[in-house]
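Please open the structure in your viewer and keep the sequence panel beside it, since this tour moves from one selection to the next. At each stop, select what is named and then compare the text with what is on your screen.

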Amino acid sequence: MDEPSVRAVGWARSLPMGGEVKAARDWAREHLDALGWTTTAPETADAVLLTVSELVTNAHIHARSNAQLTLSRDDNCLHISVHDTSAELPARRSPGTEGTGGRGMLLVDALADEWESRPCPHGKSVTACFRGPRTEEAPGAEAKH
């Protein structure tokens, strides 16, 4: 049985603290447009953009750090990764009824097909994965996830 080869395409951007969340969304939208996701999978594209906002915001607010945003795509998923300089891994919190924060990772958990966080030598990376529109699958072929 032939295994599909791994093909990865990626883009990266550094986002300094202070007002760069919109720039991150706009940058990600350009790449989603280039992939065709904004027209073929608009709900997924919206979920990706909201996730980009949440992960970059978390890096700026909770880690008090610049954010390194990377989008990479392989045969199965689009991976949204944000690296910051804090070693503290994100945790799902129960937001209070009065508070305006505490919902970011709950949103990411609800939007992404899967997500994970990993410590790195100089901080951490949080990665969310999204399965996009399928293209030209052979008849009878099963999607691999």
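Begin by selecting Lys-124, which lies in strand β5 of what is a predicted model. Is Lys-124 buried or exposed? Its relative accessible area is 6%, and because buried means under 20%, Lys-124 counts as buried. Now display the side chain of Lys-124 together with that of Asp-84, and you will find a polar contact between the two side chains at 2.8 Å. Add Glu-88 to the selection as well, for its backbone oxygen lies 3.0 Å from a polar atom of the Lys-124 side chain. If you then show the surroundings, leaving aside residues up to four places away in sequence, Lys-124 touches a list of residues that includes Ala-63, Val-82, Leu-89, Pro-90 and Pro-119.

Stay in strand β5 and select Ser-125, which is also found there. Which side chain makes a polar contact with the side chain of Ser-125? It is that of His-83, at 3.3 Å. Not counting residues up to four places away in sequence, Ser-125 touches Val-82, His-83, Glu-116, Ser-117, Arg-118 and Cys-120.

Two of those neighbours, Glu-116 and Arg-118, make a good next selection. Glu-116 forms a salt bridge with Arg-118, in which the closest N and O atoms are 3.5 Å apart. Glu-116 is partly exposed, with a relative accessible area of 37%.

Next, select Glu-114 and Arg-131, whose side chains meet in a salt bridge with an N to O distance of 3.4 Å. This pair links distant parts of the chain, for Glu-114 is in strand β4 (residues 114–120) while Arg-131 is in the segment after β5, 17 residues apart. Glu-114 counts as partly exposed at 43% relative accessibility, and Arg-131 likewise counts as partly exposed, at 23%. Add Asp-113 to the view, and you have a network of salt bridges that links Asp-113, Glu-114 and Arg-131. In general, side chains of opposite charge can pair when their charged atoms come close. How many salt bridges does a search of the whole structure find? The search finds five.

Another of these pairs takes you to helix α1, so select residues 21–35. The helix has 15 residues and reaches 21 Å from its first C-alpha to its last, which is close to the 21 Å expected at 1.5 Å a residue. Show the side chains of Asp-26 and Lys-22, which meet in a salt bridge of 2.6 Å, N to O. Both residues lie in helix α1, four residues apart, which is about one turn of the helix. An α-helix has 3.6 residues a turn, so residues three or four places apart point the same way. Asp-26 is partly exposed, with a relative accessible area of 34%. Which residues of α1 are buried? They are Val-21, Ala-23, Ala-24, Trp-27, Ala-28, His-31 and Leu-32. Just after α1, select Gly-36, which takes a positive phi of about 85°.

From there, move to Arg-64, in the loop between α3 (42–61) and β2 (67–73). Arg-64 has a positive phi of about 50° although it is not a glycine. It is exposed, with a relative accessible area of 65%.

Now zoom out and display the whole protein chain as a cartoon. Its secondary structure comes to four helices and five strands, which follow the pattern β-α-α-α-β-β-α-β-β when read along the sequence. Of the 145 residues of the chain, 35% count as buried. Among contacts between residues at least 6 apart in sequence, 60% join residues at least 24 apart. Switch to a surface view, and the accessible surface comes to about 8800 Å², of which 50% belongs to carbon and sulfur atoms.

Finally, colour the chain by confidence. The mean pLDDT is 82, and 77% of the residues reach 70 or more. As you pass along the strands, compare β1 (residues 9–15), with a mean of 76, and β5 (residues 123–130), with 96. End by selecting residues 136–145, where pLDDT stays under 50 and for which the model has 10 contacts beyond four places in sequence. Where pLDDT is low, the predicted coordinates should not be read in detail.

Conventions:
Residues are numbered from 1 along each chain as its sequence is written. This is a predicted model: local features need pLDDT of at least 70, side-chain atom pairs count only at pLDDT 80 or more; totals for chains, interfaces and linings use all residues. Side-chain values use heavy atoms; hydrogens and water are left out. Helices (H or I, at least four residues) and strands (E, at least two) are DSSP runs, numbered from the N terminus. The expected span of a helix is 1.5 Å times one less than its number of residues. Buried means under 20% relative accessible area, exposed over 50%, partly exposed in between (1.4 Å probe, protein chains only). Contact means heavy atoms within 4.5 Å. Accessible areas come from the Shrake-Rupley method with a 1.4 Å probe; for residues, only the protein chains shown count as cover. pLDDT is the predictor's confidence in each residue, from 0 to 100. A salt bridge is a side-chain nitrogen of Lys or Arg within 4 Å of a carboxyl oxygen of Asp or Glu. A polar contact is a pair of N or O atoms within 3.5 Å; within protein, one must be able to donate a hydrogen and the other to accept it, and residues adjacent in sequence count only if both atoms are side-chain atoms.
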